[in-house]
Amino acid sequence: MPTQREEDEAKIRQHIDKIVEGIRTKDLEVLKRLYATDVVSFDVEPPLQHVGIAAKLKNWAKVFTFFQDVNYEVRDLTITVGDDVAFGHAFGRLSGTLKNGTATSGMWVRGTFCFRKLDGDWLIAHDQVSVPFDVASGKGVADLEP
């Protein structure tokens, strides 16, 4: 019989799968149900932080305007679960066909997700996405693969 932590980890992994599906279908309503209302997101796009669910969804909506078809892939997801908080990290890649018909394989980014258990549901309270950068040039390095 699985422990509570094993059950919670399975729920969080399902949650990540729902995020992937919400991105692939460009469904903001699905994504809205997966984040805490006061989420703080440090994404690769400006500004430095997106605060609150409206800002997070606005950021996703902006991303979706560039894509005709979009795909999101998660690799090497690791999750650590506590009683009412959990965190995970993984590599992610957004790819697809742009509105102009150009196919893009995207780039791999590093992602960290922090969850809070609210009313029995695991919701993302914080996420951070980053790319490594070259110290000498000060520019992001977007051609690395896990």
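Reader: In the hairpin of strand 6 and strand 7, which residue takes a positive phi, and what makes these two strands a pair?
Author: Asp119 takes a positive phi near 50° in that hairpin, which has two residues between its strands, and Asp119 is not a glycine. Strand 6 (residues 108–118) and strand 7 (residues 121–130) run antiparallel and are joined by nine bridges; a pair requires that DSSP find at least two bridges between two strands, so nine bridges satisfy the criterion. One of the bridges sets Thr112 opposite Gln128 in strand 7. Strands here are DSSP runs of E with at least two residues, helices are runs of H or I with at least four, and both are numbered from the N terminus. This is a predicted model, in which local features need pLDDT of at least 70 and side-chain atom pairs count only at pLDDT 80 or more, whereas totals for chains, interfaces and linings use all residues. Residues are numbered from 1 along each chain as its sequence is written, and side-chain values use heavy atoms, with hydrogens and water left out.

Reader: Why is Asp119 called exposed?
Author: Asp119, in the loop between strand 6 and strand 7, has a relative accessibility of 83%. The scale calls a residue buried under 20% relative accessible area, exposed over 50% and partly exposed in between, using a 1.4 Å probe and protein chains only, so at 83% Asp119 counts as exposed.

Reader: How do you know whether Lys26 is buried, partly exposed or exposed, and what is its phi?
Author: Lys26 has a relative accessible area of 28% and is therefore partly exposed. Its phi is near 55°, a positive value in a residue other than glycine, and its place is in the loop between helix 1 (4–24) and helix 2 (28–32).

Reader: What makes Phe115 a buried residue, and which residues is Phe115 in contact with?
Author: Phe115, found in strand 6, has a relative accessible area of 2%, so it is classed as buried. With contact taken as heavy atoms within 4.5 Å, and leaving aside neighbours within four places in sequence, its partners include Ile12, His15, Ile16, Trp122 and Leu123. The C-alpha atoms of Phe115 and Asp8 are separated by 11 Å, although the two residues are 107 apart along the chain.

Reader: Why does Asp84 count as partly exposed, and where is it found?
Author: Asp84 is found in the loop between strand 3 and strand 4, and its relative accessibility of 46% is the reason why it counts as partly exposed. Beyond its neighbours within four places in sequence, Asp84 is in contact with Phe115, Arg116, Lys117 and Trp122. The C-alpha atoms of Asp84 and Arg110 are separated by 24 Å, with their positions 26 residues apart along the chain.

Reader: How do you know that strand 3 and strand 4 pair, and what does strand 4 share with strand 6?
Author: Strand 3 (residues 67–81) and strand 4 pair in the antiparallel sense over 12 bridges, one of them between Arg75 and Phe91 of strand 4, and the two strands form a hairpin with three residues between them. Strand 4 (residues 85–98) also pairs with strand 6, again in the antiparallel sense, over nine bridges, among them the one from Ala90 to Gly111.

Reader: Why is Ser95 counted as buried?
Author: Ser95 lies in strand 4 and has 12% relative accessibility, so it counts as buried. Leaving aside neighbours within four places in sequence, its contacts include Phe67, Asp69, Val70 and Thr104.

Reader: What is the peptide bond from Pro46 to Pro47 called, by its omega?
Author: That bond is cis, with omega near 5°, and Pro47 lies in the loop between strand 1 (35–42) and strand 2 (50–51).

Reader: How many helices and strands are there, and why is the protein called as compact as a globular protein of its length?
Author: The protein has three helices and nine strands. Its radius of gyration is 16 Å, close to the 15 Å that the globule rule gives for 146 residues, so it is as compact as a globular protein of that length; the radius is taken over C-alpha atoms, and the rule is 2.2 Å times the number of residues to the power 0.38. Along the principal axes, the C-alpha trace spans about 50 × 35 × 30 Å, and 34% of the 146 residues count as buried.
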